[in-house]
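Biologist: Could you take me through a few of the labels on this structure? I would like to hear the reasoning behind each one.
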Amino acid sequence: MTVAAYDAHADWYEAFATDTSSDYMTRVRGQLRDLLGAGPGRCLDLCCGTGLQAAELRRLGWDPVGVDLSGGQLRHARARLPVARADAAALPVADASVPAVACVLAHTDVPDYAAVVAEAARVLAPGGRFVHVGVHPCFVGAFADRSDPARIVIDGGYADRERSFRAWSPHGVRVRVGAWHVPMAGLLNAVTDAGLTLGRTTEAGSGRVPDLFAFLATRPT
């Protein structure tokens, strides 16, 4: 069952994402921009959180609408875009009705990301675009010690799929809301299992080891 883990931390996250992590979020938006491309049309901002991607989506020519389970997060998001409170794995959206779906920094926040991707595929119109931007599944997580920026140490926790509050940083998001780990194979298989066609993939980071992984997939026409 999906849980609204951010409800108790929404105000903290709003300040964290807009101030403490502003450089990181700029890189995230760069990945979204490069993969999604220009509109026009409706873009479903899936697991929109506080709506921080809305301005970038509008700059690209899209008309964003956000969906998130956290009422606390949506309290901030409503000032940025129209929103609906709903489970990303059970969207109140008609089949084949939107030309684009974006899911940004959210795959570790849901217990079954494959179900979320399947819902994105269901609501996409033929030829529609699905863009995922997330933490790198191989180099960011409870299993990855990033305390030394020149060397990332990976332990056997990479194989764990259960929700974990373990984190190398005691001040970040994961010690507050936890995370479900999705290995690289799980991410890519979710796309093909949903009937989407995987297109371009990207890796990015502030250093030589990437901390972001993103991809564009499309619904066949």
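Biologist: Why is Leu105 called buried?
Modeller: In this predicted model, Leu105 has a relative accessible area of 16%. Buried means under 20%, so Leu105 earns the label with its 16%.

Biologist: And what makes the phi of Leu105 worth pointing out?
Modeller: Its phi is positive, about 55 degrees, although Leu105 is not a glycine. Most residues other than glycine have a negative phi. You will find Leu105 in the loop between S4 and helix H5 (113-123).

Biologist: Why is Ala96 called partly exposed?
Modeller: Its relative accessible area is 33%. Partly exposed lies between the cut-offs of 20% and 50%, so Ala96 belongs there with 33%. Ala96, too, is not a glycine and has a positive phi, near 50 degrees. It is found in the loop between strand S3 (83-85) and strand S4 (98-104).

Biologist: What makes the peptide bond from Gly39 to Pro40 cis?
Modeller: Look at omega: for this bond from Gly39 to Pro40 it is near 15 degrees, and the bond is cis. Most peptide bonds are trans. Pro40 is found in the loop between helix H2 (22-36) and strand S1 (41-46).

Biologist: How do you know where the domain "Methyltransferase type" is?
Modeller: That comes from the record: an unreviewed UniProt entry places it at residues 44-131. In the model, the chain over residues 44-131 is 27% helix and 32% strand. The end C-alpha atoms of that stretch are 10 Å apart.

Note on methods:
Residues numbered from 1 in each chain as written. Predicted model: local features only at pLDDT ≥ 70, side-chain atom pairs only at ≥ 80, totals over all residues. Heavy atoms only, no water. UniProt positions renumbered as here; feature names shortened; annotations may be inferred. Helix = DSSP H or I, 4+ residues; strand = E, 2+ residues; numbered from the N terminus. Buried < 20%, exposed > 50% of the residue type's maximum accessible area, 1.4 Å probe, protein only.
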